Amino acid sequence: MKTNRPAGEERGLTRSRAISLVLAVAGLILLACGLWMMRGPEAPPPEVGVDLSSLSLDGWNISMVRRTYPVEKLVVTTDREDYQSGDLRLLIPILAQDVLVQNGVDADSLRSGPGLYEYSQLPAPDTNANVSIAGHRDVEAAEFYYIDRLSDGDLLYLLYKEKVYVYLYESTEIIQVDNWDPIACKEYPCLTLTSCDPIGTFINRIVVTGRLVDVWELDDQVIFAARMDAEVFASR
């Protein structure tokens, strides 16, 4: 049986339904917000210096995986922290230099030969590593005495973990001693050699840079050509 309600009461019921609907919607919104805030934290991006080669590559296409160090930044890597003197060998055939690279550029280390900067990366085929090495020009063995003579076409080599990293001379510059830019990461893989300039002083620093042009497997057949235009290099 239909019951007639006064008009005021009908309006009250409509208003109550509207308020209930608004409260229900608001409750759903608050519930959704609460669930969103309770979600697990997102994984942070890799920190500068983290060696991504230690991560598992299972299920990945390794050709798509590349470690890229931040350009124009000084980076300390985990493999650099583990470096031991002699792990890296530097060859500069045009200067008749074949030396083991020491762990550090302090005075004691450089007495035994050129040393690896703390901010150097180690060579790897899949990185933009800047392998930066300091050496003497006027004391001890003076291995870098003639690095100012390196020029276009000259080749430099690093031997590391059964691979040969081949670098082609790119540039020589003289900078102030407090300028660290040359050993910062570049957009491409390179080798950076530094020493004092002029010889016998600490006024400036000479910086020689080579660009990575090839990576070989180390075996008994490797011949270290002095220059890019050498026949033996062209035959590789």
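Start by selecting Tyr 146, which sits in the loop between E4 and E5. You are looking at a predicted model, so treat this as a walk through a prediction. Tyr 146 is partly exposed, with a relative accessible area of 40%. Add Tyr 145 and Ile 199 to the selection: together with Tyr 146 they make a nonpolar surface patch of about 270 Å².

**Zoom out**

Now show the whole protein as a cartoon. Four helices and eight strands make up its secondary structure, and along the sequence they follow the pattern α-α-β-β-α-β-β-β-β-β-β-α. Of the 236 residues, 36% are buried. Switch on the surface if you like: the accessible area is about 14500 Å², and carbon and sulfur atoms account for 55% of that. Among contacts with a separation of 6 or more, 61% join residues 24 or more positions apart.

**The sheet**

Colour the strands next. They form an open sheet of eight, in the order E2-E1-E5-E6-E8-E7-E4-E3, with mixed pairing. Its edges are E2 (97-101) and E3 (115-116), each of which pairs on one side only.

Pick out E7, residues 190-197. How many of its eight residues are buried? Seven are, so the strand is mostly covered. On one side, E7 pairs in the parallel sense with E4 (residues 130-134) over five bridges; look for Asn 130 standing opposite Cys 190. E7 also pairs with E8 (residues 204-217), this time in the antiparallel sense and over eight bridges. A handy marker there is Leu 193, which stands opposite Val 208.

Then move to E5 (residues 155-160) and E6 (residues 163-176). These two are antiparallel, with six bridges between them, and Leu 156 has Tyr 167 in E6 as its bridge partner.

**The turn after E7**

Follow the chain out of E7 into the hairpin that leads to E8, where six residues lie between the strands. Gly 200 in this hairpin takes a positive phi near 90°. Pro 198 is in the loop between E7 and E8 too, and the peptide bond from Asp 197 to Pro 198 is cis, with omega near -10°. For context, most residues other than glycine have a negative phi, and most peptide bonds are trans.

There are a couple of positive phi values outside glycine to visit as well. Glu 72, in the loop between helix H1 (7-37) and helix H2 (78-81), has a phi near 65°. Is Glu 72 buried or exposed? Exposed, with a relative accessible area of 67%. Ala 96, in the loop between E1 and E2, has a positive phi of about 55° and counts as exposed at 70% relative accessibility.

**Inside**

Hide the surface and select Leu 88, Leu 90, Ile 133, Leu 158, Leu 191 and Leu 193. Of the 25 residues in the largest nonpolar core, these touch the most other members. E1 (88-92), E2, E4, E5, E6, E7 and E8 each supply at least two residues of this core. A second, separate core has nine residues, including Leu 155, Trp 216, Val 222 and Ala 225.

Centre on Ile 133 and show what is around it. Beyond its neighbours within four places in sequence, its contacts include Leu 88, Val 101, Pro 114, Phe 144, Leu 158, Leu 191 and Leu 193.

**Salt bridges**

Last stop: the charged side chains, with eight salt bridges in the structure. Go to Glu 217 and Lys 163, whose closest N and O atoms are 2.5 Å apart. Glu 217 lies in E8 and Lys 163 in E6, so this pair ties together parts 54 residues apart in sequence. Arg 211 and Glu 170 meet in another salt bridge, at 3.0 Å from N to O. Here too the partners lie in E8 and E6, so the pair ties together parts 41 residues apart in sequence. Both ends are partly exposed: Arg 211 at 35% relative accessible area and Glu 170 at 29%.

Finish with the network that joins Asp 108, Arg 111 and Glu 140 through salt bridges with shared partners. Within it, Arg 111 and Glu 140 come to 4.0 Å between their closest N and O atoms. Arg 111 is in the loop between helix H3 (107-110) and E3, while Glu 140 is in the loop between E4 and E5, 29 residues apart.

Definitions and conventions
Residues are numbered from 1 along each chain as its sequence is written. This is a predicted model: local features need pLDDT of at least 70, side-chain atom pairs count only at pLDDT 80 or more; totals for chains, interfaces and linings use all residues. Side-chain values use heavy atoms; hydrogens and water are left out. Two strands pair if DSSP finds at least two bridges between them. Buried means under 20% relative accessible area, exposed over 50%, partly exposed in between (1.4 Å probe, protein chains only). A nonpolar core is a set of buried Ala, Val, Leu, Ile, Met, Phe, Trp, Tyr and Cys residues joined through side-chain atoms within 4.5 Å. Contact means heavy atoms within 4.5 Å. Patches are made of residues with over 30% relative accessible area and no salt bridge: like charges are joined within 9 Å, nonpolar side chains (Val, Leu, Ile, Met, Phe, Trp, Tyr) within 5 Å. Accessible areas come from the Shrake-Rupley method with a 1.4 Å probe; for residues, only the protein chains shown count as cover.
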